Amino acid sequence: MELYCQRVTNAIDSIRDERQANLLRNEFVVADGSQRVAYELSGLSKSQYYVIRKQAMREWLQLINQHK
């Protein structure tokens with residue numbers, strides 16, 4: 001489990017787009033993080049937030065699976 005957690009956080013760190021990486025950190029990594037927290041901290045409109053989140057999730061999952 002610890003190895004998987006490291007892979008997940010390392011994948012976030014590997015995302016080049018800082019907005020995407022911060023969005024994922026605020027949703028999944030930080031204590032008390034959530035989708036609501038990530039949205040509020042992003043400063044984006046709802047539609048922009050969901051576009052960037054979709055891109056971030058896609059890249060994040062690819063990076064996680066790449067390191068298996």
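**A colleague's note: rings, helices and a few residues to look at**

1. A good place to begin is Tyr49, which counts as buried because its relative accessibility is 1%, under the 20% cut-off. Please keep in mind throughout that this is a predicted model. Tyr49 is a handy starting point, since the next few points keep coming back to this residue.

2. Tyr49 and its sequence neighbour Tyr50 form an aromatic pair. The ring centres are 5.1 Å apart and the planes meet at 80 degrees, an edge-to-face arrangement. Tyr50 is partly exposed, with a relative accessible area of 42%, whereas Tyr49 is buried.

3. How many aromatic pairs does a search of the whole structure find? The search finds three. One of them joins Tyr39 and Tyr49: the centres of these rings are 5.4 Å apart and their planes stand at 75 degrees, so this pair is edge-to-face. Over 60 degrees is what edge-to-face requires.

4. Where do the two partners of that pair sit in the chain? Tyr39 belongs to helix 3 (residues 35-42) and Tyr49 to helix 4 (residues 46-66), so the pair ties together parts that are 10 residues apart in sequence. Tyr39 has 24% relative accessibility and counts as partly exposed. Taken together, ring pairs link Tyr39, Tyr49 and Tyr50 into a cluster.

5. While you have Tyr39 on screen, look for Lys46 as well. Lys46 lies over the face of the Tyr39 ring, at 4.5 Å from the ring centre. For a sense of distance across the model, compare Lys46 with Asp13: their C-alpha atoms are 24 Å apart in space, and the two residues are 33 apart in sequence. Asp13 is part of helix 1 (residues 2-14) and is exposed, at 51% relative accessibility.

6. Next comes the packing of two helices. Helix 2 (residues 18-29) packs against helix 4 at an angle of about 85 degrees, and their axes are 9 Å apart. That angle makes the two helices roughly perpendicular to each other. On the helix 2 side, the contact is made by Arg19, Gln20, Leu23, Leu24, Glu27 and Phe28. Helix 4 contributes Tyr49, Ile52, Arg53, Gln55, Ala56, Met57, Glu59 and Trp60, so Tyr49 from the ring cluster turns up here too.

7. What kinds of residue make up the contact of helix 2 with helix 4? Eight are nonpolar, four are charged and two are polar. One of the polar residues is Gln20. This residue of helix 2 is buried, with a relative accessible area of 6%. Setting aside residues up to four places away in sequence, Gln20 touches Ile15, Ile52, Gln55, Ala56 and Glu59.

8. Phe28 is another helix 2 residue worth a visit. At 40% relative accessibility, Phe28 is partly exposed. Apart from residues up to four places away in sequence, Phe28 touches Arg53, Met57 and Trp60. Its C-alpha is 8.9 Å from that of Ala38, a residue 10 places away in sequence.

9. Met57 lets you view the contact from the helix 4 side. Leaving out residues up to four places away in sequence, Met57 touches Leu24 and Phe28. Between Met57 and Ala21, the C-alpha distance is 9.6 Å, with 36 residues separating the two in sequence.

10. Ile64 also belongs to helix 4. With 5% relative accessibility, Ile64 counts as buried. Which residues does Ile64 touch, not counting those up to four places away in sequence? They are Tyr4, Arg7, Val8 and Ala11. Ile64 and Leu24 are 40 residues apart in sequence, and their C-alpha atoms are 13 Å apart in space.

11. One last stop is a loop residue. Asp32 is found between helix 2 and helix 3. Is Asp32 buried or exposed? Asp32 is exposed, at 75% relative accessibility. Its phi is positive, near 60 degrees, although the residue is not glycine. Most residues other than glycine have a negative phi, so that backbone angle deserves a look when you reach the loop.

Notes. Residues numbered from 1 in each chain as written. Predicted model: local features only at pLDDT ≥ 70, side-chain atom pairs only at ≥ 80, totals over all residues. Heavy atoms only, no water. Phe/Tyr/Trp six-rings, centres within 6.5 Å; stacked < 30°, edge-to-face > 60°. Helix = DSSP H or I, 4+ residues; strand = E, 2+ residues; numbered from the N terminus. Buried < 20%, exposed > 50% of the residue type's maximum accessible area, 1.4 Å probe, protein only. Lys NZ or Arg CZ within 6 Å of the ring centre and 35° of its normal. Axes fitted to C-alpha atoms, helices over the stretch in contact; angles between N-to-C directions. Parallel < 35°, antiparallel > 145°, perpendicular 65-115°, else oblique. Contact = heavy atoms within 4.5 Å.
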